[in-house]
Amino acid sequence: MSKEDLIIRLVNKIKSCKLQDFSIMEVCGTHTQSISKLGIRELFYPKINLISGPGCPVCVTSEGYIDVAIEILNRKNVIITTFGDLMKVKGSKENLIEEREKGKKINIVYSPLDAVKIAEENKDSQVVFLAVGFETTAPLIGLAIKKAKENNINNFSVLSNLKVMKPVLHKILKDENHKIQGIICPGHVAVIKGAEYFSFITEEYNIPAVVTGFESLDIISAIYFLIKQKNVNKKQFKNLYKTCVTSKGNLFANEIMKEVFLNNHCTWRGIGEIPNSGLYVNNKYQDFDALKKFNLTIKEESNDCCVCGEIILGKKFPDNCKFFGRECTPEAPVGPCMVSSEGTCSIYYKYRKVGKF
Amino acid sequence: MCLAIPGRIKFIDGNLADVDIMGVEKKVDIQLIENPKVEDYILIHAGFGIQKIDVDYFSYLQNIFQKEIDNEENI
């Protein structure tokens, strides 16, 4: 049987299943994008409700963090380096695009090592990398910090807003009102942390969970695996992304994270503070911590007036928001979920047809 | 942002490798990859190889789900 025939047979099996409003959360923004792009969300609705989760790091970057980045930009001889997605995220007043229009130096980079290179080439400037991302990205930033230390590139530092997935998933699943009946775990976080990292979802909450890839067969088979357990008492966890995900993950990458970062509380935009959900530069590497270098603290406050927070927690859909598609579009985002290409609102806007989708 | 793409290692020079990513050659840092070799497929995120792709599992999904749906009437 060809892969295409198998997908068709699985789709037909799922569609013929007796189900109503079976809620599955896809945690990762890249999964959200694939599911919408492939039309899977509407294919199974209303039997299956695919809910998008908190796995877009740009969407959960707090206003206070952006404000501190802008404050650093106001110091003399500073170059900010960042992944492009962060440019449109608004702080309490402005975003980085507006700062660049004022003549501030902001370079978009593809890799954190590019930021280290910029520091090497600009010894008279302080080069700050805006470190946003989850466990997939954190080891790379850890390596960039180690490289800067080993090569005495002391004009390089990192403003960390790195986050880890487990605490936010606990927060979602501890909510008595959640309706989640299955979870598609973030595949590339699992590449680093290992499939076992997510087995707590099934062990502690008895919710079926699956690690999977991003192609159509990956996602369809994950959904099939989850709904098959609808009448099973003891739910199962499975790793279907064995091409890239081992049970323990990338051990060296995990060592790097342990060596460079420490866990502490972190504010998730729209959600609030979550204990132990942030990764910060530890004392050994404190010379490369931008907060210490510039003697700053992040003051958290929220001026968001939309429902992004509830969308990130899977409690609302973008079309439940009065701004969605009207005042709030990818060109002029009101809330953070409309900013990134992996944000739920941005994805729903891009692939929307009519009604709910 | 956790987007990662596959590529094939063509040449290794220390921590860096020339990697063929869908026909485009790019320098990738491979220090997170255990025992990298030329012709290995790797997963790339933000300029770094983050894991080897295990080609033995290329047909894994097809093998398990084909058997499952052949054996099951309805779910």
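Two strands pair if DSSP finds at least two bridges between them. In this predicted model, strands β4 (residues 41-45) and β5 of chain B meet that criterion, pairing in the antiparallel sense over four bridges. The briefing below covers this hairpin, the contact between chains A and B, and the surroundings of Ser52(A).

**The β4–β5 hairpin of chain B**
- Gly49(B), in β5(B), is the bridge partner of Ile44(B).
- Two residues lie between the strands of the hairpin, and Ala46(B) adopts a positive phi near 50 degrees.
- Strand β5(B), residues 48-52, is mostly covered, with five of its five residues buried.

**The contact between chains A and B**
- Chain A contributes 45 residues to the contact and chain B contributes 27 residues.
- On the side of chain A that touches chain B, at least two residues come from each of α1 (3-15), α2 (29-37), α6 (112-121), α7 (138-150), α9 (187-193), α11 (216-227) and α12 (251-260) of chain A.
- By class, this side of chain A comprises 26 nonpolar, eleven polar and eight charged residues.

**Ser52 of chain A**
- Ser52(A) belongs to strand β2 (residues 48-55) of chain A.
- Ser52(A) counts as buried because it has 30 C-beta neighbours inside 10 Å, where the cut-off for burial is 20 or more.
- Apart from neighbours within four places in sequence, Ser52(A) is in contact with Glu26(A), Thr32(A), Gly314(A) and Thr344(A).
- The C-alpha atoms of Ser52(A) and Ile35(A) are 9.8 Å apart in space, and these residues are 17 residues apart in sequence.

How values were computed. Residues are numbered from 1 along each chain as its sequence is written. Chains are lettered from A and ligands numbered from 1 in the order in which they are written. This is a predicted model: local features need pLDDT of at least 70, side-chain atom pairs count only at pLDDT 80 or more; totals for chains, interfaces and linings use all residues. A residue is buried if 20 or more other C-beta atoms lie within 10 Å of its own, exposed if 12 or fewer, and partly exposed in between; C-beta atoms are placed from the backbone. Two residues are in contact if their C-beta atoms, placed from the backbone, lie within 7 Å. Ala, Val, Leu, Ile, Met, Phe, Trp, Tyr, Cys and Pro count as nonpolar, Asp, Glu, Lys and Arg as charged, and the others, Gly among them, as polar.
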